[in-house]
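Me: I would like to learn how to read the features of a model from its atoms. Could we go through one case step by step?

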Amino acid sequence: MMACAQDETGGLRRLARRARPLALAAALPLALAACNEAEEKMPANVAAGEAIFNDQCAVCHNQSEADAVAPDLAGVVGREAGSWGSFVYSTAMADADFVWNDETLDAYLKDPMGYLPGTNMGYFGLEDDTKRAELIAYLNHISP
Ligand code: HEC
C-alpha cells in the first residue's frame, strides 16, 4: 500500500481526536505492525511500480482534493474515467465512457493523447512495456 504510513498516521490522528490516550497507546503498535507487515509483503513488481509512480506521477497525482492538480489515483482501477470528486477534468476525460482497468490504463499510459485526444494530462507516456505493467500492478495495489 503506497500511502500506508500516511494512511495509518491519518487514521491515528482521527483516532487521537476521539479516543482516550490509553486506547491510542493500545492501538498504535497494532496499527504500525499491520502496516509493516503489508509493506513487507509487497510483491517485487508492485514495489517497482511504486518507485515509477513516485518518480513520474506523484508530482501531480499526490494532492488533497482541495488543491489537486490531478485526480487521486487511489482506487482508480474499477473507477469510471473522469469521475473523481469535484475535480475539473478536460472535456475529453469528463465525456469518456469507460472504466479504468488493466487494458484501458495500459493504452492511456502508453500514449495519453493518442488514446484520449484532448486529455490535458501533461505526461508524454511510458513506452516501456515492463515498466507500464509494474505501474499498473501498483495502481491495482492501491485500488482495494
Ligand atoms: C503533469 C502532471 C501529471 C503527471 C506527471 C501525470 N498525470 Fe495523470 N493526470 C493529470 C491530469 C491533469 C489528469 C486529468 C486529465 C484530463 O482531465 O484529461 C490526469 C489523469 C489521469 C488518469 C485518469 C484518472 C481519472 O480519474 O479518470 C490516470 C489513470 C492517470 N492520470 C495516471 C497517471 C499515471 C499513472 C502517471 C505517471 C506515469 C501520471 N498520470 C502522470 C496530470 C498528470
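Me: How many helices and strands does the secondary structure of the chain come to?

Reply: This is a predicted model, so each statement below concerns a prediction. The chain has seven helices and zero strands. Read from the N terminus, the order of elements is α-α-α-α-α-α-α.

Me: What percentage of the residues in the chain is buried?

Reply: Burial is read by counting neighbours: a residue with 20 or more other C-beta atoms within 10 Å of its own is called buried. In this chain of 144 residues, 17% are buried.

Me: Among contacts with a separation of 6 or more, what share comes from residues 24 or more positions apart?

Reply: The share is 51% of those contacts.

Me: Let us take one helix. What span is expected for H3, and what does the model give?

Reply: The idea is to compare the end-to-end distance with the rise per residue. H3 covers residues 44–56, which is 13 residues. Its first and last C-alpha atoms are 18 Å apart, close to the expected 18 Å at 1.5 Å a residue.

Me: Which residues of H3 are buried, and where do they lie around the axis?

Reply: The buried ones are Gly49, Glu50 and Phe53. Viewed down the axis of H3, the buried residues fall within an arc of 105°, so they line one face of the helix. Ala44 and Asp55, on the other side of H3, are exposed.

Me: What do the buried residues of H3 pack against?

Reply: They pack against helix H7, residues 129–141. One residue shows the pairing in detail: leaving out residues up to four places away in sequence, Tyr138 touches Val46, Gly49, Glu50 and Phe53. C-alpha distances can be read alongside these contacts. Ala133, which is in H7, has its C-alpha atom 7.9 Å from that of Gly49, with their positions 84 residues apart along the chain. Ala47, placed in H3, is 88 residues from Leu135 along the chain, and their C-alpha atoms are separated by 9.0 Å.

Me: Are Ala47 and Ala133 buried or partly exposed?

Reply: For this, count C-beta atoms again. Ala47 has 14 others within 10 Å, so Ala47 is partly exposed. Ala133 has 15 within 10 Å and is partly exposed.

Me: How does the span of H7 compare with what its 13 residues should give?

Reply: At 1.5 Å a residue, H7 should span 18 Å, and its end C-alpha atoms are 18 Å apart, which agrees.

Me: Which residues of H7 are buried, and what covers them?

Reply: Glu134, Leu135, Ile136, Tyr138, Leu139 and His141 are buried. The cover over the buried residues of H7 includes H3 and H5.

Me: Which residues of the largest nonpolar core touch the most other members?

Reply: A core is read as a connected set, and the members with the most contacts are picked out. This core has 15 residues, and Leu135, Tyr138 and Leu139 touch the most other members. Two or more of its residues come from each of helix H5 (102–110) and H7. H7 gives the most, with four residues.

Me: Take Leu105, in H5. What does Leu105 touch?

Reply: Apart from residues up to four places away in sequence, Leu105 touches Trp100, Ile136 and Leu139. Leu105 and Leu135 are 30 residues apart in sequence, and their C-alpha atoms are 9.6 Å apart. With 19 C-beta neighbours inside 10 Å, Leu105 counts as partly exposed, because buried requires 20 or more.

Me: How should the chain end be read, and how many C-beta neighbours does Pro144 have inside 10 Å?

Reply: Pro144 is in the segment after H7. Pro144 has 9 such neighbours and so counts as exposed. Pro144 and Val76 are 68 residues apart in sequence, with 9.4 Å from C-alpha to C-alpha.

Me: Last, the ligand. Which residues come nearest, and how does the shell divide by type?

Reply: A shell is read by listing the residues around the molecule, then sorting them by type. Of the 26 residues around the ligand, the nearest are Cys57, Cys60, Tyr89, Ser90 and Met93. Helix H4 (91–95) and H5 each supply at least two residues of this shell. The shell divides into 19 nonpolar, seven polar and no charged residues.

Key: Residues are numbered from 1 along each chain as its sequence is written. This is a predicted model: local features need pLDDT of at least 70, side-chain atom pairs count only at pLDDT 80 or more; totals for chains, interfaces and linings use all residues. A residue is buried if 20 or more other C-beta atoms lie within 10 Å of its own, exposed if 12 or fewer, and partly exposed in between; C-beta atoms are placed from the backbone. Two residues are in contact if their C-beta atoms, placed from the backbone, lie within 7 Å. The expected span of a helix is 1.5 Å times one less than its number of residues. The arc is that of the directions from the helix axis to the C-beta atoms. A nonpolar core is a set of buried Ala, Val, Leu, Ile, Met, Phe, Trp, Tyr and Cys residues joined through C-beta atoms within 7 Å. A residue is near a molecule or strand if its C-beta atom, placed from the backbone, lies within 6 Å of it. Ala, Val, Leu, Ile, Met, Phe, Trp, Tyr, Cys and Pro count as nonpolar, Asp, Glu, Lys and Arg as charged, and the others, Gly among them, as polar.
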